[in-house]
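Good morning, and thank you for the opportunity to speak. Please take a moment to look at the sequence and the model before I begin.

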Amino acid sequence: MSEMQFVQWQVKEGAGVLTFRRPPVNVINIALLRELLSALETAAKEKTLRVLVLRSEGKMFSAGVDVADHTADKVNEMISLFDRVCTSLLDFPTPTLAAVQGHALGGGCELALCCDLIIAVESANFGQPEIKLAVIAPIAALRMPALIGYRRAAELLFTGDNVSAGEAASLGLINRAVSADQFESTVNQFVNKLTALSAPALQMCKRAVRLGADCWNLKHLPAMEKLYLNDLMLTEDANEGVASFMEKRAAVWKHK
């Protein structure tokens with residue numbers, strides 16, 4: 001793998017770790033997505049891998065996708081890359097675990113939702129604030145209803161409200177919410193349990209669980225991309241939302 005600036009890949013004794021390196025809040029830009037996709041392709045070739053851990057440096061897991069990459073000249077590439085990364089995570093052959101040491105918002109929350117397991121510190125928040133900029137969270141719209149039920153998912157996606165890690169755990173959005181001093185040991189406990197198991201057995205188990213859950217159907221992704229790029233991004237309000245955020249001013253909605 002060529003030298004990367006924003007993503008670090010390490011593997012040891014059956015555990016692979018992908019780390020975002022854009023502290024303090026790990027905003028996801030196009031360059032990071034390219035590196036993450038390359039790293040996931042490399043990681044998927046590790047035949048004896050038993051778990052892939054997704055984590056980050058800094059005070060937040062990720063504040064989401066860079067709003068500057070939602071502009072008309074970049075949004076097609078950004079959405080395509082983001083969807084490919086999410087698909088790679090969802091289809092990764094071995095179990096995946098998001099270790100969320102700080103807030104996971106927007107695209108950061110969506111990346112965590114694409115992992116099989118999520119461990120978070122109690123102080124972390126999860127949320128999809130995209131609607132407040134007159135855009136949407138496509139991956140979360142596909143993932144959340146099956147994970148926590150339609151009505152609760154609709155509330156979070158329609159309002160853009162955050163939930164604490166504790167509430168996220170009670171909803172079934174994440175697996176564990178733990179104190180900061182227990183975070184690393186809890187992540188390590190999960191990793192150690194998985195690395196003690198058979199790689200092919202875990203791969204078959206993941207395929208079986210996915211069949212049972214049926215909570216991700218790739219046939220819907222092209223329709224979601226079309227909705228985002230051909231319908232949403234042609235509205236005046238979507239472009240106003242992006243512009244107002246970048247210009248640090250209140251948005252003026254035209255409702256068209």
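**Cysteines, helix pairs and unusual backbone positions**

The sulfur of C86 has its closest cysteine sulfur in C114, at 3.8 Å, and this is too far for a bond. I should say at once that the model before you is predicted. Two sulfur atoms must lie within 2.5 Å to count as a disulfide, so the pair C86 and C114 does not qualify. For the structure as a whole, the number of disulfides is 0.

Is C86 buried or exposed? C86 is buried, because its relative accessibility is 0%. C205, by contrast, has a relative accessibility of 44% and therefore counts as partly exposed.

Let me turn to the packing of helices. Two packed helices are described by the angle between their axes and by the distance between those axes.

My first example is the pair α1 and α2. Helix α1 covers residues 30–43 and helix α2 covers residues 75–90; they pack at an angle of about 30 degrees, and their axes are 9 Å apart. This angle makes α1 roughly parallel to α2. The crossing of α1 past α2 is left-handed.

Which residues meet where α1 and α2 pack together? From α1 the residues are I30, L33, R34, L36, L37, L40 and E41. From α2 they are E77, M78, L81, F82, R84, V85, S88 and L89. Sorted by class, this contact has 10 nonpolar, 1 polar and 4 charged residues.

My second example is the pair α4 and α9. Helix α4 spans residues 138–148 and helix α9 spans residues 221–231. Their axes are again 9 Å apart, but here the angle is about 135 degrees. Why are these two helices called oblique? An angle must be over 145 degrees to count as roughly antiparallel, and about 135 degrees falls outside that range as well as outside the perpendicular range of 65 to 115, so α4 and α9 are oblique to each other. The crossing of α4 past α9 is right-handed.

In this contact, P138, I139, A141 and L142 of α4 meet L221, M224 and Y228 of α9. By class, the contact has 7 nonpolar residues, with no polar and no charged ones.

I shall stay with α4 for a moment. Its buried residues are P138, I139, A140, L142, R143, M144 and I148. Against which helices do these buried residues pack? They pack against α2, α3, α5, α6 and α9. After α4 comes G149, which has a positive phi, near 95 degrees.

That brings me to the backbone. Most residues other than glycine have a negative phi, and most peptide bonds are trans. With this in mind, please find three places along the chain.

The first is the peptide bond that joins P23 and P24, which is cis, with omega at about 10 degrees. P24 lies in the loop between β2 and α1.

The second is N26, which is not a glycine and yet has a positive phi of about 55 degrees. N26 is also found in the loop between β2 and α1. Because its relative accessibility is 0%, N26 counts as buried.

The third is H255, again not a glycine, with a positive phi of about 60 degrees. H255 is located in the segment after α10. With a relative accessible area of 70%, H255 is exposed.

I close with two threonines. Where does T48 lie? T48 is in the loop between α1 and β3, and its relative accessible area of 53% makes it exposed. T48 and A199 are 151 residues apart along the chain, yet their C-alpha atoms are separated by 5.6 Å. Leaving aside residues up to four places away in sequence, T48 touches G14 and A199.

T186, in turn, is placed in helix α7, which runs over residues 180–195. T186 has a relative accessible area of 9% and is therefore buried. Again leaving aside residues up to four places away in sequence, T186 touches I119 and V178.

Thank you for your attention.

Technical notes: Residues are numbered from 1 along each chain as its sequence is written. This is a predicted model: local features need pLDDT of at least 70, side-chain atom pairs count only at pLDDT 80 or more; totals for chains, interfaces and linings use all residues. Side-chain values use heavy atoms; hydrogens and water are left out. Buried means under 20% relative accessible area, exposed over 50%, partly exposed in between (1.4 Å probe, protein chains only). Axes are lines fitted to C-alpha atoms, for helices over the stretch in contact, and angles run from 0 to 180 degrees between N-to-C directions. Helices (H or I, at least four residues) and strands (E, at least two) are DSSP runs, numbered from the N terminus. Angles under 35 degrees count as roughly parallel, over 145 as roughly antiparallel, 65 to 115 as roughly perpendicular and the rest as oblique. A crossing is left-handed if the near helix is turned anticlockwise from the far one by less than a right angle, and right-handed if clockwise. Contact means heavy atoms within 4.5 Å. Ala, Val, Leu, Ile, Met, Phe, Trp, Tyr, Cys and Pro count as nonpolar, Asp, Glu, Lys and Arg as charged, and the others, Gly among them, as polar.
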